[in-house]
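Trainee: Could you take me through one part of this model up close? I'd like to hear how the helices there pack against each other.

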Amino acid sequence: MPQDKQSVDSVESTRFNELAWNLYYSYENFKEKTLTNRRFKHSDIVPLIEQLKNKKIFMVNKVGKSVEGRDIYLISLGNGKTKVFLWSQMHGDEPTATAALFDMFNFFSDEKEFAEFKKNLLSNITLYFIPMVNPDGAEQFQRRNIFEIDLNRDVLRQQTPEAKILKNVFDSLKADFGFNLHDQGRNYSAGNSFKPASISFLAPSPDFDRSITPPRENAMKLIGDLVNILNEFIPGHIGKYMDDFEPRAFGDNFTKWGTGVVLIESGGWRGDCEKQFLRKINYITILSALNSIASGSFLKQDLSVYESIPNNEELMMDLILRNLKINKDGNEYVVDIGINFEEINTNGAKEFYLEAEIEDIGDLSVFSGYDEFDLSDYTIHPGKTKPEPFNSIDELSKINPAQLLADGYTSVRINENNFQDEYSSFPFNIVLNNAELPSEKIEVEGSANFILRKNGEVKFAVVNGFVIDIANIESWNGNSIVIKKSVN
Ligand SMILES: [Zn+2]
């Protein structure tokens, strides 16, 4: 028997974390296997939603259509007094939580595992979900809706049908809790910890004074519970989103109108480009949150846990090349070079390729890279474009790329009118016809094509931000870019 309050709390916290770990270990039983990457579309989730109509625990209603006529659904289950409203992907290119919601629907559909937990949960709370608020944006894998309006700046003006739907459902529910589910950039770190903010939380402010109203306090306490749980799964990778009041945003206004809103942002995680690990973490986080709400355990949480979450800082980069020597006018300088990749949608926004850009040059010791190389013994030189053009794609495949790079070239020219590819798997960039040649300057916002020499010998090349070991060139699995834009 527990002897005092301290040990009662620790027993309870063990029990909560035990649930989270059970969810973690049984996840594959519930994971929605048809959703495998981030670029799934409305047409991928509609059949999954239609199937829910056959399960008697779910209520499925169409609550309106997007600009392009895609149905937006409200799915509900449970019959408890406390109402919880969850909506995802109001930004079309932020799908991680949407996938997790479908994992949760499978979890609730199952009649065997976690039966006692689910029965208890659904008798205490009623859940309302809108997965994929912005299906047109998801179709293009873009943040904004098809009018180029950011839905999360349209709660007041209500010019988009999607924002109207979200607001109408909110008004009809007057939920006790709201979950505002987003993805954030990979460049956020948890404070100055050198770790990505893989999950960031916020209990949004209801006003410019950032008042802690009762609903906001509830959300802060609930987040405290979630931080304690997530510290077992992603320790040090939890950040807090800035709490400046944004008068045009949903979360801020929903808080102002009396709902305890929890913002969850899925950020970056090393080696998890498609965010499938963070999707699982979302699943565990949201189910743990529902457990905390149903049991009322969050009420015992101290605000200090929320307050101690490190702020999101923009201190992550995709790649940092450290301690390179650079020659300028006969003088030698030591620099770090930070590189970020941009995802460019291709094939109907079902796929993407990467385009690298130099983010910063100099002392980058306060930053951390998802990938880092210490290149203390190396000098860096801009990659050049081989001047003599090739005449066919066939000729490109006959190039010896190790020799090309050893000669200092990271791009080639080709005269070819039928070249359709938007990017390439060759370990060098391709400049079409009379397109502008890549800059041969190492400069911020410039392209990331370099040759790295050790004792004068070319050892590595960087092509479109991908590091190539010349001696091991067949292990290259990056993408180079195709430059098409003509110079007039
Ligand atoms: Zn967002």
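Mentor: Start with helix α3, residues 96-109, and helix α9, residues 276-295: in this predicted model they pack at an angle of about 60 degrees, and their axes sit 8 Å apart. Angles of 65 to 115 degrees would count as roughly perpendicular and those under 35 as roughly parallel, so α3 and α9 come out as oblique to each other. Their crossing is right-handed. On the α3 side, the contact is built from Thr96, Ala97, Ala99, Ala100, Leu101, Asp103, Met104, Phe107 and Phe108. Facing them from α9 are Leu278, Arg279, Asn282, Tyr283, Ile286, Leu287 and Leu290. Sort the residues of this α3 contact with α9 by character and you get twelve nonpolar, two polar and two charged.

Now stay with α9 and look at another partner, helix α7, which covers residues 214-230. Here the packing angle is about 135 degrees, with the axes of α7 and α9 10 Å apart. Only angles over 145 degrees count as roughly antiparallel, so α7 and α9 are oblique to each other too. α7 also passes α9 in a right-handed crossing. From α7, the residues to click on are Leu222, Asp225, Leu226, Ile229 and Leu230. They meet Ile281, Thr285, Ser288, Ala289, Ser292 and Ile293 in α9. That contact of α7 with α9 splits into seven nonpolar residues, three polar and one charged.

Conventions
Residues are numbered from 1 along each chain as its sequence is written. This is a predicted model: local features need pLDDT of at least 70, side-chain atom pairs count only at pLDDT 80 or more; totals for chains, interfaces and linings use all residues. Side-chain values use heavy atoms; hydrogens and water are left out. Axes are lines fitted to C-alpha atoms, for helices over the stretch in contact, and angles run from 0 to 180 degrees between N-to-C directions. Helices (H or I, at least four residues) and strands (E, at least two) are DSSP runs, numbered from the N terminus. A crossing is left-handed if the near helix is turned anticlockwise from the far one by less than a right angle, and right-handed if clockwise. Contact means heavy atoms within 4.5 Å. Ala, Val, Leu, Ile, Met, Phe, Trp, Tyr, Cys and Pro count as nonpolar, Asp, Glu, Lys and Arg as charged, and the others, Gly among them, as polar.
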